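The following exercises are intended to be worked through with the sequence and the model at hand. Please attempt each task before reading its solution.

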Amino acid sequence: MRISVIGLGRLGLVHAAALASLGHTFVGVEMDTERVRKIHDGTLEMHEPGLADLVRTALTDGTLDVTSEPSASLGARAHFLTVGTPELAPNEGFDASYLENALRTLAPSLQPGDLVIGKSTVPPGTAAALTAQLHRESPDAELAWNPEFLAEGTAVRDTLAPQRLIYGVSSPEAARLLDEVYAPILDTGTQRVITDLATAELVKLATNAFLATKISFINTIARLAATSGADALQTAQLLGADPRIGASHLHPGLGYGGGCLPKDTRGLAYFAQQAGVMEAAQFFAQVDAVNTAQRQHITEWVTAQCRGRQEPQVAILGASFKADTDDTRESPSIALAHALMNAGLRVRIADPVVTASCGADSRLEFVRTAEEAMREADVTLVATAWPDYQRLDPEELLSVVRCPLIVDTRNCLDPARWRNAGWEYHAMFDPVMRLR
Ligand code: UDX
């Protein structure tokens, strides 16, 4: 089947390249001509394990074409909308205008019986509004919602082997067409569930808000552990060992970031507020507030440690919002760097893939290696759980820093290794780090 994908960002390009490897022919339409050029050149704008190889193979085999020409969608039967839904402004809900524009641009290429499939994260009601728009422009085409649950760093695997497929559809024909699209995945036994449009929209938003809630929950419990002498990490592990709770997203630390969890949690709060369900709005706003507070706790503690020192310096290891990605959107690490700089500290930041040229922020002092960041540092903070940092040599680094004090905000190092080498090592919630 010929399939088009509108929007070749982190979602669309993975979707097109991964599904092209399963036997369909894809055309990806991307308005940003520079992004199209980079895809053709093999210089992808994003670091996503396995993606570059898939894209190269699909382009060479002719199972993927990438263009800025909207009419390239003509002749496809299924059209995925994978454009972004950024926040209009903080706490003001999602901006659906990219979806509306994508649909408007796609409309002249639609033929009777075509299916337009939204994949972006949106509040319930968006698909209904887009359906009305679609029917004004192409009365014989239909709209479905098929949310995506891929996580960065494992996006290719998540797309090829999803835990479940959700079809928000208005007709059996739409479900049948989606079955054709996903046939190779369904053949492996993947569960697929048919819902209405609003349920498909809400499931995605609720999934991300739930993951965010789990993280803020465990961070709250870890704070309580620190005040009571309990072991925060062991508490988290034992909580996650209960099958009713599950271990994922129960890792305490600096908090969540990225393009999804923060935006979607605030988006759900806004949706609840608009719907007049104020306790829901407050609940999700509090999840967001707990998350932001993590950085404040660390900032206060580090600032207190540096008080009285001459030109204090802090090394931050890791800039991306999590390991295995170069994405710095809402990165807790970057937010922490800003907070420490605002507190008057010099901050140097290093990351295995993020560099100053990635456009994170021109005010940040990026250096190439962890060692460079740690030169003359009074405090070292591990802010992203890159495996590279587990391979650092604490003994060698003793002579690099001004003060051998390390805070592992992601609990990803071996504490004994660092302590035995002579470092003062703190996990994020060590009782000595208790602030109040
Ligand atoms: C998330 C969802 O997992 C995915 O299903 C959805 O489609 C998009 O949003 P992603 O943003 O890639 O994916 O990252 P995820 O692995 O969920 O982590 C999000 C953030 O939470 C990261 O900053 C991570 O460091 C943090 N995190 C994760 C924790 O602080 N503790 C945890 O236990 C897990």
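**Exercise 1: Two loop residues**

Task. Determine whether asparagine 411 is buried or exposed, and compare its backbone with that of glutamate 330.

Solution. Asparagine 411 has a relative accessibility of 13% and therefore counts as buried (buried means under 20% relative accessible area, exposed over 50%, partly exposed in between, with a 1.4 Å probe and protein chains only). The model is a predicted one, in which local features need pLDDT of at least 70, side-chain atom pairs count only at pLDDT 80 or more, and totals for chains, interfaces and linings use all residues. Residues are numbered from 1 along each chain as its sequence is written, and side-chain values use heavy atoms, with hydrogens and water left out.

Step 1: locate asparagine 411 in the loop between β13 (405-408) and α16 (415-420). Helices (H or I, at least four residues) and strands (E, at least two) are DSSP runs, numbered from the N terminus.

Step 2: examine the backbone. Asparagine 411 is not a glycine, yet its phi is positive, at about 50°.

Step 3: turn to glutamate 330, which is found in the loop between β9 (313-317) and α13 (332-342). Its phi is also positive, near 50°. With 35% relative accessibility, glutamate 330 is partly exposed.

**Exercise 2: A cluster of rings**

Task. Explain how Phe80, Tyr167 and Tyr182 are linked into a cluster.

Solution. A pair of aromatic rings is described by the distance of the centres and the angle of the planes. Rings of Phe, Tyr and Trp (its six-membered ring) pair if their centres lie within 6.5 Å; planes under 30 degrees apart count as stacked, over 60 as edge-to-face and the rest as tilted.

Step 1: count the pairs. This rule gives four aromatic pairs. One of them joins phenylalanine 80 to tyrosine 182, with 6.5 Å from centre to centre and 70° between the planes, an edge-to-face arrangement.

Step 2: place both residues. Phenylalanine 80 belongs to strand β4 (residues 78-81) and tyrosine 182 to the loop between α7 (172-181) and α8 (183-186), so the pair ties together parts 102 residues apart in sequence.

Step 3: check burial. Phenylalanine 80 has a relative accessible area of 0% and is buried; tyrosine 182, at 3%, is buried as well.

Step 4: add tyrosine 167. Its ring centre lies 6.3 Å from that of tyrosine 182 and the planes meet at 25°, so this pair is stacked. Tyrosine 167 lies in strand β7 (residues 164-168) and tyrosine 182 in the loop between α7 and α8, so parts 15 residues apart in sequence are tied together. Tyrosine 167 is buried, with a relative accessible area of 0%.

**Exercise 3: Charges over a ring**

Task. Which charged residue sits over the ring of phenylalanine 149, and how far is its charged end from the centre?

Solution. A charge sits over a ring if NZ of Lys or CZ of Arg is within 6 Å of the ring centre and within 35 degrees of the ring normal.

Step 1: arginine 164 places its charged end over phenylalanine 149, 4.0 Å from the ring centre.

Step 2: lysine 204 also lies over the face of phenylalanine 149, at 5.8 Å from the ring centre.

**Exercise 4: The whole chain**

Task. How many helices and strands does the protein chain have, and what share of its residues is buried?

Solution. Step 1: the protein chain has 16 helices and 14 strands.

Step 2: of its 436 residues, 53% are buried.
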